[in-house]
Amino acid sequence: MTDYGHDLMFGIFTTPTVQPVRHAVDLAVLADRVGLDLVTFQDHPYQPSFHDTWTLLSYVAARTDRVHLSANVLNLPLRHPAVVARSAASLDVLSGGRFELGIGAGVLWDGIAAMGGRRLSPGQAITALDEAIHLIRELWAVDKPGRVRLEGQHYRLDGAGRGPAPAHPVNVWVGAYQPRMLRLTGRLADGWLPSLTYLPGGTADIAGMNEQIDASATAAGRNPAEVRRMLNVSGRFAPTGRGQFDGPPAQWAEELASLTLKDGVSTFILAADDPATVEIFAAEVAPAARELVAAERNTVQP
């Protein structure tokens with residue numbers, strides 16, 4: 001059993017569909033109003049039925065007041081990391097410190113290639129992500145002397161100026177599943193952001209993947225608790241329970257609390273495009289799960 005002790009966060013993962021044109025925006029505004037912590041959007045620039053994620057995040061930042069915003073996750077192969085660094089810092093400053101950087105190595109390579117992106121092997125994509133995270137953090141590090149120089153296998157900077165500085169320490173959250181990506185997460189990331197639907201064994205896979213992240217973090221001289229464990233979840237609310245994440249809000253709260261206390265997951269992001277579902281998640285599931293976790297943590301304190 002591993003509880004890393006993080007405060008719980010709850011958010012939504014909303015489809016950035018072009019039609020209805022402001023549907024994703026309206027859901028983000030709702031999430032902000034009902035007290036959720038996080039609004040996220042997938043990033044598939046080759047999908048013409050989706051809004052551009054950076055544009056959508058910027059628009060939503062201007063329409064909301066307190067909720068944090070992130071891609072889930074940013075498509076690195078079609079977004080140069082130096083531009084990502086400038087864009088992320090700018091949006092963080094403009095939003096008052098509400099931007100977080102969810103990022104991935106890339107998927108759907110046919111779509112990436114169709115948009116003019118490089119088709120990388122899995123190993124090349126991971127190396128490129130490793131270089132990108134270092135590059136982004138260097139450009140944010142305005143207190144360091146000198147300009148940024150990097151001669152990587154995939155990215156090169158030859159004296160780029162540092163800045164702008166983000167308004168707060170922007171978290172880098174990595175979508176990861178395979179061992180090498182999990183090791184990168186433990187070594188470099190502030191958070192691990194998988195989707196439950198992509199775990200072949202479901203929630204049973206989390207413990208073993210946590211072990212790989214923890215081992216890598218420890219080997220890099222980090223405390224494994226520095227890596228927030230996150231999870232994109234989906235399901236439905238129903239009067240009676242039929243399975244995991246298929247039942248009444250109280251059942252959801254118990255299942256989420258169990259994932260926190262047993263597997264250390266502390267951020268739950270609900271894939272939802274329905275306003276009523278978002279409201280139930282915020283009003284009934286999130287507070288109940290927080291109460292269950294707090295009660296259990298209080299009982300085990302010395």
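Colleague: Which residues does Val174 touch, not counting residues up to four places away in sequence?

Modeller: This is a predicted model, where local features need pLDDT of at least 70, side-chain atom pairs count only at pLDDT 80 or more, and totals for chains, interfaces and linings use all residues. Residues are numbered from 1 along each chain as its sequence is written, and side-chain values use heavy atoms, with hydrogens and water left out. Contact means heavy atoms within 4.5 Å. On that basis Val174 touches Ile103, Leu129, Ile133, Met181, Leu184, Thr185, Ala189, Gly191, Trp192 and Leu193.

Colleague: Which helix gives the largest share of the largest nonpolar core?

Modeller: A nonpolar core joins buried Ala, Val, Leu, Ile, Met, Phe, Trp, Tyr and Cys residues through side-chain atoms within 4.5 Å; buried means under 20% relative accessible area (1.4 Å probe, protein chains only). The largest such core has 87 residues, and Val174 is among those with the most contacts inside it. Its largest share, 10 residues, comes from helix H5 (residues 122-140; helices are DSSP runs of H or I, at least four residues, numbered from the N terminus).

Colleague: How are H1 and H9 oriented to each other?

Modeller: The axes, lines fitted to C-alpha atoms over the stretch in contact, come within 10 Å for H1 (residues 23-33) and H9 (residues 275-300). They cross at roughly 20°, on a scale from 0 to 180 degrees between N-to-C directions. Angles under 35 degrees count as roughly parallel. H1 and H9 are therefore roughly parallel.

Colleague: Which residues of H9 does H1 meet?

Modeller: The H1 side brings Leu27, Leu30, Ala31 and Arg33. Their partners in H9 are Pro275, Val278 and Glu279.

Notes
Buried < 20%, exposed > 50% of the residue type's maximum accessible area, 1.4 Å probe, protein only. Helix = DSSP H or I, 4+ residues; strand = E, 2+ residues; numbered from the N terminus. Parallel < 35°, antiparallel > 145°, perpendicular 65-115°, else oblique.
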